[in-house]
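Visitor: Could you take me closely through one part of this chain, explaining each term with its cut-offs as you go? I would like a single connected account rather than a list.

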Amino acid sequence: MSEHPSCELPRASRTHCPDIRVSFEFFPPKTVAMEALLWESINRLAPLGPSFMSVTYGAGGSTRERTHQTVARLAKEAVVRPAAHLTCVGASMKEIDGIVQGYWDAGVRHIVALRGDPPDGLGATFEPHPQGYKNSCALVAGIKRIGDFEISVSAYPERHPESLSLDADIDFLRAKVDAGASRAITQFFFENEIYLRYLDRLRAAGVDIPIVPGIMPMQNFKQTAGFAKKAGASVPQWLADRFEGLDDDPQTRRLVAATVAAEQVLDLVDHGVRDFHFYTNNRADLVYAICHLLGLRPKPEQKEAA
């Protein structure tokens, strides 16, 4: 294992290292009630001063429109710097280029560029649109042709489910960097050693962009474990044991989830990690608590959304 430097402080003080940076991921609302919950969560987390807030994207037209509306509102109201997810699924290059130009015109300067899952979901075979971008590497290059966007891409510490090997995954990530990506955000993971070993391999392969760990606080263990299986992320037995018997006890389940996530991020801080990307599921309380443990406090001058 290579060295991963950390602040030279006792563990109890490390959470107050001044250079912790966080970002938050949301999904576009489908109903009026979900929209209210989304903006309530944004208002709760924005005062912590995140590097950016990203909004996920689906292949369907209505989902695209909701993503655009949410990101455009974030940009217009200057709540925090927004990042728009964009995929290759179900659209021609001309359509996608139009979406990218629309984001530029709306003042958005950061895109999370992804291949995207097939319309039938994880496990199905991805087929590029006949006139579309064939993969995320091509998408990154296409975005860069339109504007000088900051581009984040995905990374897979346990390899993408469709990859032949982790080495092949690393080669493809390096190609995305060559195309213009400036940051990678990982698939969520629950064993920090997996991320640290992956980071060592990336550095050895010459991938030198920030590799931000994606953190998934478990709002619902069974649901998250099911998604992890499809996404190729392992769920260790010790983690399943912690949630055993709590299916009908949501209050205790939330406390356990907070403990598990806090242990994970504080251990990563001990290994020198300073950037974290949280998959919020549009709920703020658990993520806010973890950020508090990291030493982040609300910034009074941070503007809130209406």
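**Two loops and the helices that follow them**

Guide: Arg159 is partly exposed, with a relative accessible area of 31%, on a scale where buried means under 20%, exposed over 50% and partly exposed in between (1.4 Å probe, protein chains only). This is a predicted model, in which local features need a pLDDT of at least 70 and side-chain atom pairs count only at pLDDT 80 or more, while totals for chains, interfaces and linings use all residues. Residues are numbered from 1 along each chain as its sequence is written, and side-chain values use heavy atoms, with hydrogens and water left out.

The setting is a chain of 306 residues, of which 50% count as buried, and its secondary structure comes to 11 helices and 9 strands, these being DSSP runs numbered from the N terminus (H or I over at least four residues for a helix, E over at least two for a strand). Among contacts (heavy atoms within 4.5 Å) between residues at least 6 apart in sequence, 79% join residues at least 24 apart.

Arg159 sits in the loop between β5 (150-155) and α6, and its phi is positive, about 70°, although the residue is not a glycine. From the helix that follows this loop, Asp169 reaches back to the loop residue: Asp169 belongs to α6, and, with residues up to four places away in sequence not counted, it touches Tyr156, Arg159, His160 and Ser163. Asp169 is itself buried, because its relative accessibility is 10%, and its C-alpha atom is separated by 9.2 Å from that of Pro157, 12 residues apart along the chain.

Helix α6 (residues 166-179) also packs against helix α5 (residues 136-146), at an angle of about 10° and with the axes 8 Å apart; such axes are lines fitted to C-alpha atoms over the stretch in contact, and angles run from 0 to 180 degrees between N-to-C directions. The two helices α5 and α6 are therefore roughly parallel to each other, a term for angles under 35 degrees, with over 145 counting as roughly antiparallel, 65 to 115 as roughly perpendicular and the rest as oblique. On the α5 side the contact is made by Ser136, Cys137, Val140, Ala141 and Lys144, and on the α6 side by Phe172, Ala175, Lys176 and Ala179. These residues divide into 6 nonpolar, 1 polar and 2 charged, where Ala, Val, Leu, Ile, Met, Phe, Trp, Tyr, Cys and Pro are nonpolar, Asp, Glu, Lys and Arg charged, and the others, Gly among them, polar.

A second loop invites a reading alongside the one that holds Arg159. Asn282 lies in the loop between β9 (275-279) and α11, and its phi, near 60°, is again a positive value in a residue other than glycine. Asn282, however, is buried, because its relative accessible area is 3%.

On the strand side of this loop, His277 lies in β9 and is buried, with a relative accessible area of 0%. His277 and Glu25 are 252 residues apart along the chain, yet their C-alpha atoms are separated by 7.3 Å. Beyond its neighbours within four places in sequence, the contacts of His277 include Ser23, Phe24, Glu25, Phe52, Ser54 and Ile185.

On the helix side, Leu286, Val287, Tyr288, Ile290 and Cys291 of α11 are buried, and what covers the buried residues of this helix includes β1 (21-26), α2, α10 and β9. Val287 has a relative accessible area of 0% and, again leaving out residues up to four places away, touches Phe24, Leu45, Pro217, Phe278 and Thr280. Val287 and Ser41 are 246 residues apart in sequence, with 9.8 Å between their C-alpha atoms. Just after α11, Gly295 takes a positive phi of about 95°.

Helix α11 (285-293) also helps to line the second largest pocket, for it, α2 (32-45) and α10 (250-270) each supply at least two residues of the lining. A pocket here is an open set of points on a 1 Å grid over the protein atoms alone, where a 1.4 Å probe fits, with protein on both sides within 12 Å along at least five of seven lines, and lining residues have an atom within 4 Å of a point. Of the 14 lining residues, Gln219, Arg283, Ala284, Asp285 and Leu286 lie nearest the centre of this pocket, while the largest share of the lining, 4 residues, comes from α2. By class, the lining divides into 6 nonpolar, 3 polar and 5 charged residues.
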